[in-house]
Amino acid sequence: NEEDDSKLKKILGYLRLTKKKPRIITSKGNLNRLVAYVDASFAVHHDGRGHTGLAIKRGESTLVTVCRKQKIATKSSTESELVGLSDVLSEIEKSHEYMEGQGVS
C-alpha cells in the first residue's frame, strides 16, 4: 500500500546517502560463535508468496543480512517458516565455512 511505499522510499534514500559510510564490527560478545536468525512472513506478496529475512551475527556485530521473496507460495505460516529456512540455509552454511577457514570454529 502507499504507507509501505513511503517507508521503502525512506529506507532506500537512507541507504543511498550512507553507502560510503563505514560499517563497524565490534569485538564485544562471544566471537567464537556465529548466530543466525531467520524469520518469514506468510503470503505478504500479491501472488501469495511469503518473504524471508536472515541476520547472521558474530558477537554483537551483524555480518550478513538477507531479505528476499520466497520462491514458492505456501499454505500456512509454519510452512512459510520452513521454506524460509530452506531458502537461506546455504547462506548460513557459507558463512560457517568461511569462519572455519579463518580459524574460528
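How many Å² does the accessible surface of the protein come to, and what share of that surface belongs to carbon and sulfur atoms? The accessible surface comes to about 8000 Å², and 53% of it belongs to carbon and sulfur atoms; accessible areas here come from the Shrake-Rupley method with a 1.4 Å probe, and for residues only the protein chains shown count as cover.

Before you select anything, note that this is a predicted model, in which local features need pLDDT of at least 70 and side-chain atom pairs count only at pLDDT 80 or more, while totals for chains, interfaces and linings use all residues. Residues are numbered from 1 along each chain as its sequence is written, and side-chain values use heavy atoms, with hydrogens and water left out.

**The whole chain**

Show the protein as a cartoon and you will find two helices and three strands, which follow the pattern α-β-β-β-α when read along the sequence. Helices (H or I, at least four residues) and strands (E, at least two) are DSSP runs, numbered from the N terminus. The C-alpha trace spans about 45 × 35 × 20 Å along its principal axes. The radius of gyration of the protein is 16 Å, whereas a compact globule of 105 residues would have one near 13 Å; the radius is taken over C-alpha atoms, and the globule rule is 2.2 Å times the number of residues to the power 0.38. Of the 105 residues, 18% count as buried, where buried means under 20% relative accessible area, exposed means over 50%, and partly exposed lies in between (1.4 Å probe, protein chains only).

**Helix α1**

Select residues 2-17, which make up helix α1, and pick out Leu 8 within this helix. Leu 8 is partly exposed, with a relative accessible area of 45%. Add Ile 11, Leu 12, Tyr 14 and Leu 15 to the selection, and you have a nonpolar surface patch with about 480 Å² of accessible area together. Patches are made of residues with over 30% relative accessible area and no salt bridge, like charges being joined within 9 Å and nonpolar side chains (Val, Leu, Ile, Met, Phe, Trp, Tyr) within 5 Å.

**The three strands**

Move next to β1 and β2, which run antiparallel and are joined by eight bridges; two strands pair if DSSP finds at least two bridges between them. Leu 34 has Arg 58 in β2 as its bridge partner. In the loop between β1 (34-41) and β2, select Ala 43, which has a positive phi of about 50° although it is not a glycine.

Strand β2 (residues 49-58) also pairs with strand β3 (residues 61-73), in the antiparallel sense and over nine bridges. Along this pairing, Thr 52 stands opposite Arg 68 in β3, and Gly 53 has Cys 67 in β3 as its bridge partner. The hairpin of β2 and β3 has two residues between the strands, and there Gly 59 takes a positive phi near 65°.

**Helix α2 and what it touches**

Now select residues 77-101, helix α2, where Glu 93 has its place. The C-alpha atoms of Glu 93 and Ala 43 are separated by 26 Å. Is Ser 95 buried or exposed? At 13% relative accessibility, Ser 95 counts as buried, and apart from its neighbours within four places in sequence, Ser 95 is in contact with Leu 34, Ile 56 and Val 64, contact meaning heavy atoms within 4.5 Å.

Glu 91 also lies in helix α2, and its contacts, again leaving aside neighbours within four places in sequence, are Leu 54, Ile 56, Val 66 and Arg 68.

**Salt bridges**

Finally, display the charged side chains, among which the structure holds five salt bridges; a salt bridge is a side-chain nitrogen of Lys or Arg within 4 Å of a carboxyl oxygen of Asp or Glu. Glu 91 and Arg 68 meet in one of them (3.5 Å, N to O). Glu 91 lies in helix α2 and Arg 68 in strand β3, so this pair ties together parts that are 23 residues apart in sequence. Glu 91 also meets Lys 94 in a salt bridge (3.8 Å, N to O), with both residues in helix α2, three residues apart, about one turn of the helix.

For the last stop, select Asp 47 and Arg 49, whose side chains meet in a salt bridge (2.8 Å, N to O). Adding Lys 69 completes the selection, since Asp 47, Arg 49 and Lys 69 are linked in a network of salt bridges.
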